[in-house]
Amino acid sequence: MKIAIGSDHAGFELKEQIKNILLERHTTITDVGTTTEESVDYPDFGLKVAELVSGEKWKKGILICGTGVGMSIVANKVKGVRAALAFDLYTAIQSRRHLDANILVLGGRVTGKGLAEEM
């Protein structure tokens, strides 16, 4: 599976952790940034992932900002994107199983690493 991943500064730490988990599982990923915890504009990165997924070059995506709300709003403006903000495992599973979500959105300041890995 090919996964595009991106975050703003508030989601950077969790993005790096998730990226490492995916690489350990031999998942093909593209990281659109950001590359530091220095303040950036979240829409820039949300749009990059959403466009990759909507173009079907990448089947799935993961976006992370502080709460996940901003990335959800940005990603869902792109045609063909079904971004789901998940705060628990059940919501993450249901968003894929019943809504065919193609981007998982997480809140870097509200989602722990263990839960993020499960989702």
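Let me start with strand 5, residues 103-107, which is mostly covered, five of its five residues being buried. I should say straight away that this is a predicted model, and that everything I describe today is to be taken in that light. Both faces of strand 5 are covered, with Ile103, Val105 and Gly107 buried on one side and Leu104 and Leu106 buried on the other.

Turning to the neighbours, strand 5 pairs in the parallel sense with strand 3, residues 60-65, over five bridges, and within strand 5 it is glycine 107 that stands opposite cysteine 65. Strand 4, residues 83-85, also runs parallel to strand 5 and is joined to it by three bridges, with isoleucine 103 of strand 5 as the bridge partner of alanine 83. Strand 4 and strand 5, taken together with helix 4, residues 89-97, make a right-handed β-α-β unit.

Now to the pockets. The largest pocket holds about 460 Å³ of space, and among its 24 lining residues Ile3, Leu22, Ile62, Leu104 and Met119 lie nearest its centre. Two or more lining residues come from each of helix 1 (12-24), strand 3, helix 4, strand 5 and helix 5 (113-118), and helix 4 gives the most, with four residues. By class, this lining has 15 nonpolar, four polar and five charged residues.

The second largest pocket holds about 160 Å³ of space, and its lining consists of Val53, Ser54, Glu56, Trp58, Lys59, Lys60, Gly80, Arg82, Asp100 and Asn102. That lining divides into two nonpolar, three polar and five charged residues.

How values were computed:
Residues numbered from 1 in each chain as written. Predicted model: local features only at pLDDT ≥ 70, side-chain atom pairs only at ≥ 80, totals over all residues. Heavy atoms only, no water. Buried < 20%, exposed > 50% of the residue type's maximum accessible area, 1.4 Å probe, protein only. Pairing = 2+ DSSP bridges. Right-handed = clockwise from strand over helix to strand, strands pointing away. 1 Å grid on protein atoms, 1.4 Å probe; cavity = no way out; pocket = protein on both sides within 12 Å on 5 of 7 lines; lining within 4 Å. Points joined across faces, edges and corners; volume = space filled by probe spheres on them. Nonpolar A, V, L, I, M, F, W, Y, C, P; charged D, E, K, R; others polar.
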